[in-house]
Amino acid sequence: MTGRLPHPRTGRLFPSPVPPGTGWPGDRAKPGTPVAVDAETVSALAAGIGTVTELDAAVTVCKACPRLVAWREEVAATKRRAFADEPYWGRPVAGWGAARPRVLVVGLAPAANGANRTGRVFTGDRSGDQLFAAMHRAGLVSSGYSVDAADGMRANGVRIVAPVRCAPPANKPTPQERTTCAPWLHAEWRLVAPYVRVVVALGTFAWQTALTLLADEVDGPPKPVFGHGAAVPLATGRVLLGCYHPSQQNMFTGRLTPAMLDDVFLAARERSGIAPR
């Protein structure tokens with residue numbers, strides 16, 4: 001669909017994808033926000049960013065990876081049947097949560113009909129449902145049910161980030177796409193690292209990504225090995241926690257259970273010193 005459709009919560013009309021600065025809930029970008037068009041401009045823009053708000057704006061207008069741009073916009077135009085009457089965000093997805101987090105949760109990439117639709121990371125699909133429910137039980141967010149970017153969800157000392165900011169085909173970004181997107185995450189880490197006490201890595205790729213952020217703090221070799229519940233004390237006093245990704249497959253097969261998620265996020269809250277909401 002190319003016409004405008006009402007946002008499911010606010011009722012405001014938007015095309016799919018949503019242009020920057022048109023009033024989508026939580027959109028930090030404006031029509032004049034600088035756009036990264038290749039790996040070099042991603043690096044240059046990321047290096048000059050001074051605030052989380054500025055970063056969120058720049059991330060959400062990035063067009064550096066042609067394959068990802070084409071895919072996210074194709075999904076936004078064709079839509080899943082269940083969401084055919086909604087506008088899709090259809091742009092890169094910024095991190096979400098506290099600007100000065102004590103817990104940083106690292107995922108992988110937005111889901112095509114989840115965050116690519118809602119505009120908020122880990123929102124609008126079953127993985128997000130499991131993640132937010134667990135964080136709510138641990139006292140890290142205000143609600144156990146994440147719907148869209150206008151649902152009033154509030155963070156209690158936690159921030160969620162993704163190493164790849166666009167929904168990739170088959171949920172598999174290429175190595176080059178991961179490399180191109182990496183400066184956004186490194187800029188985000190530079191801005192939030194002074195406050196973070198616990199990093200939670202959701203899955204093996206997130207674990208490897210977290211190790212690159214924490215490279216100066218990890219003793220080794222050998223590098224710490226990922227595992228659910230793995231806890232790596234770091235030289236700065238921070239800790240890295242491993243958690244299976246709350247994917248539909250992991251939850252349905254029982255490889256990961258709500259109780260196992262609770263163990264990780266309760267540990268993250270306690271180790272970070274956050275008072276439960």
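This is a chat about how the helices and strands of one predicted model fit together.

User: Hi! What kind of model is this, and how are residues numbered?
Analyst: It is a predicted model, where local features need pLDDT of at least 70, side-chain atom pairs count only at pLDDT 80 or more, and totals for chains, interfaces and linings use all residues. Residues are numbered from 1 along each chain as its sequence is written, and side-chain values use heavy atoms, with hydrogens and water left out.

User: Which residues does UniProt list for a domain?
Analyst: An unreviewed UniProt entry lists residues 94–265 as "domain: Uracil-DNA glycosylase-like". Such positions are in the numbering used here, feature names are shortened, and annotations may be inferred rather than shown by experiment.

User: How much of 94–265 is helix and strand?
Analyst: The span is 34% helix and 13% strand, and its end C-alpha atoms lie 22 Å apart. Helices (H or I, at least four residues) and strands (E, at least two) are DSSP runs, numbered from the N terminus.

User: Cool. What order do the strands take in the sheet?
Analyst: Six strands form an open, mixed sheet in the order 3-5-4-6-8-7. Strand 3 (96–97) and strand 7 (231–233) are the edge strands, each pairing on one side only. Two strands pair if DSSP finds at least two bridges between them.

User: Do strands 4 and 5 run in the parallel or antiparallel sense?
Analyst: Strand 4 (residues 103–106) and strand 5 (residues 158–161) pair in the parallel sense, over four bridges. Val106 stands opposite Val161 in strand 5.

User: And which helix packs on that sheet?
Analyst: Helix 6 (residues 175–192) does, touching strand 4, strand 5 and strand 6 (198–202). Contact here means heavy atoms within 4.5 Å. The direction of helix 6 makes about 170° with that of strand 5. Axes are lines fitted to C-alpha atoms, for helices over the stretch in contact, and angles run from 0 to 180 degrees between N-to-C directions.

User: How do helix 2 and helix 6 cross?
Analyst: The axes of helix 2 (residues 52–59) and helix 6 come within 10 Å and cross at roughly 170°. The two helices are therefore roughly antiparallel to each other. Angles under 35 degrees count as roughly parallel, over 145 as roughly antiparallel, 65 to 115 as roughly perpendicular and the rest as oblique.

User: Which residues make that contact?
Analyst: Val52, Leu55, Ala58 and Val59 of helix 2 meet Trp184, Ala187, Glu188, Leu191 and Val192 of helix 6. They divide into eight nonpolar, no polar and one charged. Ala, Val, Leu, Ile, Met, Phe, Trp, Tyr, Cys and Pro count as nonpolar, Asp, Glu, Lys and Arg as charged, and the others, Gly among them, as polar.

User: What about helix 6 and helix 7?
Analyst: Helix 7 (residues 204–213) and helix 6 have axes that come within 11 Å and cross at roughly 55°, which means helix 6 is oblique to helix 7. Arg178, Leu185, His186 and Trp189 in helix 6 meet Phe205, Thr209, Thr212 and Leu213 in helix 7. That contact has four nonpolar, three polar and one charged residue.

User: New topic: which peptide bond is cis?
Analyst: The one from Ser16 to Pro17 is cis, with omega near -5°. Pro17 is in the loop between strand 2 (13–14) and helix 1 (39–47).

User: Last one: where is Lys79?
Analyst: Lys79 is in the loop between helix 3 (66–78) and strand 3. Its phi is near 65°, a positive value in a residue other than glycine.
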